[in-house]
Amino acid sequence: MHWTSCLKIAEDVAQGLAFIHQAWRLVHGNLKSSNVLLGPDFEACITDYCLSVLTHPSIFDEDGDSAAYRAPETRNPNHHPTHKSDVYAYGILLLELLTGKFPSELPFMVPGDMSSWVRSIRDDNGSEDNQMDMLLQVATTCSLTSPEQRPTMWQVLKMLQEIKEIVLLEDSSQLDLRSSNAIP
């Protein structure tokens, strides 16, 4: 998937989660790729939100990929999902978007190594490495082990919007450069 499609999906999901957290003051509790539906123009819609409060699935009943979305603090059956555990799941979802790999296939690496590994998987050209690295930074920040270190979904949405602005500026400057180099 082209990284701009990843950015569009990431922004839509972040916007949905931020709304669930802020406006409704609820927790999704079960964010994963199978709970994100895509429209014809890659517009993302979140499903199955807030149903986790109705059930308490055992981590032993989950497959490896579903369990990988669970934040470390919620892997204990006595701990309920929180806004910060949704942010963790979002980070894992973003890594899945960037790599095309299921969460159970993602290696545990330090962020610098993760960047090199993601680049080795993707077929993007070198000029898009910076944009991909920005998205990867958001993903790694969201999936930090400590919930206190994770941003809120509003902060994540703001980071994504800043990436989008940078990309638009870079695209317009490249377009200006191409048109100035055109033969009259």
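**Entry 1: the fold**

Helices and strands here are DSSP runs, at least four residues for a helix and at least two for a strand, numbered from the N terminus. With that settled, I read the elements off the chain: from the N terminus they run α-β-β-α-α-α-α-α. That gives six helices and two strands. I note that this is a predicted model.

**Entry 2: the chain as a whole**

I looked up the totals next. The chain has 184 residues, and 39% of them are buried. Its accessible surface comes to about 10300 Å². Carbon and sulfur atoms hold 57% of that surface. I then turned to contacts with a separation of 6 or more. Of these, 62% are between residues 24 or more positions apart.

**Entry 3: helix α1**

I checked the length of helix α1, residues 3–22. Its 20 residues, at 1.5 Å a residue, should span 28 Å. The end C-alpha atoms are 28 Å apart, so the expected and modelled spans agree.

Is α1 enclosed or not? I counted burial: 14 of its 20 residues are buried, so the rest of the structure largely encloses this helix.

I also found a charged pair inside α1. Lysine 8 and aspartate 12 join their side chains in a salt bridge, 2.8 Å from N to O. Both residues lie in helix α1, four residues apart, which is about one turn of the helix. An α-helix has 3.6 residues a turn, so residues three or four places apart point the same way. The two partners are covered to unlike degrees. Aspartate 12 is buried, because its relative accessible area of 15% falls under the 20% limit. Lysine 8 is partly exposed at 32%.

**Entry 4: an aromatic pair and a patch**

I searched for aromatic pairs and got one. Phenylalanine 19 and tryptophan 24 form it, with 5.5 Å centre to centre and 65° between the planes. Why is this pair called edge-to-face? The angle of 65° is over the 60 degrees that the term requires, so the name fits.

I looked up exposure for both rings. Phenylalanine 19 is partly exposed, at 43% relative accessibility. Tryptophan 24 is partly exposed too, at 39%.

Both also turn up in a nonpolar surface patch of about 380 Å², together with Leu26 and Tyr49. I traced tyrosine 49 to the loop between β2 (44–46) and α2 (64–68). Its relative accessible area is 35%, which makes tyrosine 49 partly exposed.

**Entry 5: salt bridges further along**

How many salt bridges does the whole structure hold? My search found four. I followed up two more besides the one in α1.

Glutamate 73 and arginine 150 meet through their side chains, 2.7 Å from N to O. Glutamate 73 lies in the loop between α2 and α3 (83–99), and arginine 150 in the loop between α5 (129–142) and α6 (153–180), so this salt bridge ties together parts that are 77 residues apart in sequence. Arginine 150 is buried, with 2% relative accessibility. Glutamate 73 is partly exposed, at 23%.

Glutamate 162 and lysine 158 form another salt bridge, 3.8 Å from N to O. They sit four residues apart in helix α6, separated by about one helical turn. Lysine 158 counts as exposed because its 52% relative accessibility is over the 50% limit. Glutamate 162 is partly exposed at 38%.

**Entry 6: serine 85**

I went back to the glutamate 73 and arginine 150 pair and asked about serine 85. Which residues does serine 85 contact, leaving aside neighbours within four places in sequence? They are Ala71, Glu73, Thr74 and Arg150. Both partners of that salt bridge are therefore in the contact list of serine 85. Serine 85 lies in helix α3 and is buried, at 5% relative accessible area. I also looked at leucine 31. It is 54 residues from serine 85 in sequence, and their C-alpha atoms are 9.4 Å apart in space.

**Entry 7: glutamine 131**

My last look-up was glutamine 131, in helix α5. Is glutamine 131 buried or exposed? Its relative accessibility is 5%, so it counts as buried. Not counting residues up to four places away in sequence, glutamine 131 touches Trp3, Val167 and Glu170. Trp3 belongs to the residue range of α1, 3–22, and Val167 and Glu170 to that of α6, 153–180.

Note on methods:
Residues are numbered from 1 along each chain as its sequence is written. This is a predicted model: local features need pLDDT of at least 70, side-chain atom pairs count only at pLDDT 80 or more; totals for chains, interfaces and linings use all residues. Side-chain values use heavy atoms; hydrogens and water are left out. Buried means under 20% relative accessible area, exposed over 50%, partly exposed in between (1.4 Å probe, protein chains only). Contact means heavy atoms within 4.5 Å. Accessible areas come from the Shrake-Rupley method with a 1.4 Å probe; for residues, only the protein chains shown count as cover. The expected span of a helix is 1.5 Å times one less than its number of residues. Patches are made of residues with over 30% relative accessible area and no salt bridge: like charges are joined within 9 Å, nonpolar side chains (Val, Leu, Ile, Met, Phe, Trp, Tyr) within 5 Å. Rings of Phe, Tyr and Trp (its six-membered ring) pair if their centres lie within 6.5 Å; planes under 30 degrees apart count as stacked, over 60 as edge-to-face and the rest as tilted.
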